[in-house]
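Colleague: Please pick one part of this model and take me through it closely. Start from a single residue and work outward.

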Amino acid sequence: THCISSAASDVYKRQVFDIAAYLVDVYPAVNATVSVSDPTCGLNNGGIDITGSIGGDGTYSYSIDGGTNFQTQTSYTGLAPGSYDIVVSTNGGGCEYLETVTLTNIPAETVTAGADEAICEGDAVTITASGSGSIEWFDGGGNSIGTGASISVSPTTTTTYDAVLTDGNGCTDTDQLTVTVNPVNDATFSYSSATLCLGGAN
């Protein structure tokens with residue numbers, strides 16, 4: 001309350017001022033660390049993790065769809081390739097942390113089997129395949145017969161072999177080759193007579 005005196009008129013006028021006071025809470029800016037794992041093998045198996053949230057009033061909710069849906073969880077799995085709008089929100093003041101991340105599919109490595117082979121019955125042959133990863137071989141019955149870029153096989157009948165490659169992300173790819181087994185013909189002999197003479201012409 002302030003009082004003002006007017007000496008000219010000796011009339012005292014009192015002017016009253018109303019003062020309103022407001023308490024304003026100022027929160028520190030919200031921040032967080034967002035890390036991603038890209039989907040692999042053409043699957044929807046990507047992930048987003050939100051860690052280290054700071055600022056605001058200390059309570060947080062999270063969204064990966066631009067704020068349409070909020071949750072308390074900070075880890076998201078089973079995600080498809082695409083862009084995700086991250087929102088970390090805190091109560092009061094509209095404080096938020098925003099970040100857009102992109103998940104990109106990591107394709108599987110491929111395996112290339114060598115050329116088909118042909119052998120005679122009883123022979124062996126080395127079959128080969130190439131690719132970035134570990135290679136396991138399977139026979140026509142689905143039985144594992146060895147690992148590596150090349151192996152030796154000696155089938156008794158024509159057989160198709162599968163070369164299965166597993167890459168660093170656990171993705172698999174398959175290629176095939178066939179080993180054809182040709183039978184060995186028995187030799188046949190004919191004689192002009194049933195009698196053989198030592199040193200003679202028969």
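Modeller: Let us start with Thr90. Thr90 is buried, with a relative accessible area of 5%. (Buried is under 20% relative accessible area, exposed over 50%, partly exposed in between, using a 1.4 Å probe and protein chains only.) This is a predicted model: local features need pLDDT of at least 70, side-chain atom pairs count only at pLDDT 80 or more, and totals for chains, interfaces and linings use all residues. Residues are numbered from 1 along each chain as its sequence is written, and side-chain values use heavy atoms, with hydrogens and water left out.

Where does Thr90 sit? Thr90 belongs to strand E7, which covers residues 82-90. (Strands, E, of at least two residues, and helices, H or I, of at least four, are DSSP runs numbered from the N terminus.)

What does the side chain of Thr90 reach? One partner is Asp57: a polar contact of 2.4 Å joins the side chains of Thr90 and Asp57. (A polar contact is a pair of N or O atoms within 3.5 Å; within protein, one must be able to donate a hydrogen and the other to accept it, and residues adjacent in sequence count only if both atoms are side-chain atoms.) Another partner is Thr59. Its backbone oxygen lies 2.8 Å from the side chain of Thr90.

Now the residues around Thr90. Leaving out residues up to four places away in sequence, Thr90 touches Val30, Gly56, Asp57, Gly58, Thr59, Tyr60 and Cys95. (Contact means heavy atoms within 4.5 Å.) So Asp57 and Thr59 appear both among these touching residues and as partners of the Thr90 side chain. Cys95, on the same list, is itself buried, at 17% relative accessible area.

Step back to the whole chain. The protein chain has 16 strands and zero helices. Its 202 residues include 24% that count as buried. Thr90 is one of the buried residues. Take contacts between residues at least 6 apart in sequence: 52% of them join residues at least 24 apart.

Next, a sheet. Three strands form an open sheet in the order E3-E4-E6, and the pairing is antiparallel. Strand E3 (31-37) and strand E6 (75-79) are at the edges, each with a single partner strand, so one side of each has no neighbour in the sheet. (Two strands pair if DSSP finds at least two bridges between them.) E3 and strand E4, residues 46-54, run antiparallel and share six bridges. One bridge puts Ser35 with Asp49 of E4.

A second sheet has five strands. Its order is E10-E16-E15-E12-E13; this open sheet has mixed pairing. At its edges stand strand E10 (117-120) and strand E13 (144-147), and each pairs on one side only. Strand E12, residues 134-138, runs antiparallel to E13, with three bridges joining them. There Trp137 stands opposite Gly146 of E13.

Which residues does the disulfide join? It joins Cys41 to Cys171, with the sulfur atoms 1.8 Å apart. (A disulfide is a pair of cysteine sulfur atoms within 2.5 Å.) By this rule there is one disulfide. Cys41 lies in the loop between E3 and E4, and Cys171 in the loop between strand E15 (159-166) and strand E16 (172-182), so the pair ties together parts that are 130 residues apart in sequence. The torsion about the S-S bond is about -85°, so this disulfide is left-handed. The two ends differ in cover: Cys41 is partly exposed at 28% relative accessibility, whereas Cys171 is buried at 1%. Another cysteine, Cys120, is partly exposed at 38% relative accessibility.

Last, look beside Cys41. Asn105 touches Pro39, Thr40, Cys41, Gly42, Leu43 and Pro81, again leaving out residues up to four places away in sequence. Asn105 itself is in the loop between strand E8 (96-103) and strand E9 (112-113). It counts as partly exposed, at 27% relative accessibility. Thr40 and Asn105 are 65 residues apart along the chain, yet their C-alpha atoms are separated by 5.4 Å. A polar atom of the Asn105 side chain also lies 3.1 Å from the backbone nitrogen of Gly42.
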